[in-house]
Amino acid sequence: MIKHMMWLLLIGFAACSGGKTVIRSEPPTAFVSINEIPKGVTPLEIKLHCDKTKDYKIKISYPGYQTQTKDIECRYIRGAKKTIFFELEPGGDTTSEDTPSVPQNPEDFSSIKIKSMPSEAEIYLDNKMMGTSPLINKKIKPGTHLLEVRKQGFKQWREEIQITPGSEQEFFPILEAE
């Protein structure tokens, strides 16, 4: 009887908490903010905690596309893994505080690719979150930058990198378990 009650209690707890939610978009690598807080770029896998808030406002933006917002109620994300998909429409002004500016002149930017082991680690450039790994063909300004890769349960990886104009550079940090 006690085992049965504990099992029901565990099932009830799992049903009340938000499971992993994957936010995807077309085009990919769109900027994601949840309740006005930047969280990274699509595809983004995140755990939304229903015990902290009842509803989430998910905003997706990408330069040259119309920004989209969806209000998600906790009852939708409870339980198993959920996917939320955004199909962005071309046009419109997506300039906002949480959409980083990208230089328009091709000589004014470089491209980086970051794949980490393990994947789905948070990537920070100059203390600003850029998204989760793998991060493919992210455009950045040339110069010296601080690149950090973080994942819970692993030691943080950080390196000062030098990005030259018009270059395409790859990084493959391997995180050590704590």
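Two strands count as paired if DSSP finds at least two bridges between them. That's the rule behind the strand pairs in the close-ups below, all of which come from a predicted model.

**Strands E11, E8 and E14 make an open sheet.** The strand order is E11-E8-E14, and the pairing is mixed. Why do E11 and E14 each have one side left without a neighbour in the sheet? Strand E11 (135-140) and strand E14 (168-171) sit at the edges with a single partner strand each, so nothing in the sheet lies alongside their other side. From one strand to the next, the twist averages 25°. Look at E8 (residues 110-114) and E14 and you'll find four bridges between them, with the two strands running parallel. Lys113 is a handy place to start, since it stands opposite Glu170 in E14.

**The largest nonpolar core has 17 residues.** Which residues have the most contacts inside this core? They are Ile112, Ile114, Met130, Leu147 and Phe171. At least two residues apiece come from E8, strand E9 (122-125), E11, E12 and strand E13 (157-163). E13 is the top contributor, giving three residues to this core. There's also a second, separate core, made of 16 residues, with Leu48, Cys50, Ile60 and Ile72 among them. As a general backdrop, nonpolar side chains in soluble globular proteins tend to be buried together.

**Zooming in on Met130 and the residues it touches.** Leaving out residues up to four places away in sequence, Met130 touches Gly40 and Val41, then Ile112, and also Ile123, Tyr124 and Leu125. Leu135, Lys138 and Ile140 complete the list. Met130 is also one of the residues with the most contacts inside the largest nonpolar core.

**E9 and E10 form a hairpin.** Four bridges hold the pair together in the model, and E9 and E10 run antiparallel. One facing pair to pick out is Tyr124 and Met129, with Met129 in E10. The hairpin has two residues between its strands, and Asp126 in the turn shows a positive phi of about 55°. Asn127 lies in the loop between E9 and strand E10 (128-132). Its phi is near 65°, again a positive value in a residue other than glycine. Is Asn127 buried or exposed? With a relative accessibility of 56%, Asn127 counts as exposed, because the cut-off for exposed is over 50%.

**Strand E1 pairs with E4 and with E7.** How many bridges join E1 to strand E4 (residues 44-47)? There are four, and these strands run antiparallel. Lys20 has Lys47 as its bridge partner in E4. Strand E7 (residues 82-87) is joined to E1 by six bridges, and this pair runs parallel. Here Thr21 stands opposite Lys82 in E7.

**Glu36 has a positive phi without being a glycine.** The angle is about 70°, and the residue sits in the loop between E2 and strand E3 (37-41). Glu36 counts as exposed at 56% relative accessibility. Setting aside neighbours within four places in sequence, Glu36 is in contact with Lys57 and Lys59. Lys59 is 23 residues away from Glu36 along the chain, yet their C-alpha atoms are separated by 7.8 Å.

**Two loops with cis peptide bonds.** One cis bond joins Glu26 and Pro27, with omega about 5°. Pro27 is found in the loop between strand E1 (20-26) and strand E2 (31-34). The other runs from Met117 to Pro118, where omega is near 0°. Pro118 belongs to the loop between E8 and E9. For context, most peptide bonds are trans.

**Confidence dips below 50 in residues 2-17 and in residues 93-104.** Across the protein, the mean pLDDT is 76, and 74% of residues reach 70 or more. Which element has the lowest mean pLDDT? Helix H1 (residues 2-16) does, at 41, whereas strand E12 (residues 143-150) has the highest, at 92. Residues 2-17 have eight contacts beyond four places in sequence. For residues 93-104, the model has 21 such contacts.

Methods: Residues are numbered from 1 along each chain as its sequence is written. This is a predicted model: local features need pLDDT of at least 70, side-chain atom pairs count only at pLDDT 80 or more; totals for chains, interfaces and linings use all residues. Side-chain values use heavy atoms; hydrogens and water are left out. Axes are lines fitted to C-alpha atoms, for helices over the stretch in contact, and angles run from 0 to 180 degrees between N-to-C directions. pLDDT is the predictor's confidence in each residue, from 0 to 100. Contact means heavy atoms within 4.5 Å. A nonpolar core is a set of buried Ala, Val, Leu, Ile, Met, Phe, Trp, Tyr and Cys residues joined through side-chain atoms within 4.5 Å. Buried means under 20% relative accessible area, exposed over 50%, partly exposed in between (1.4 Å probe, protein chains only).
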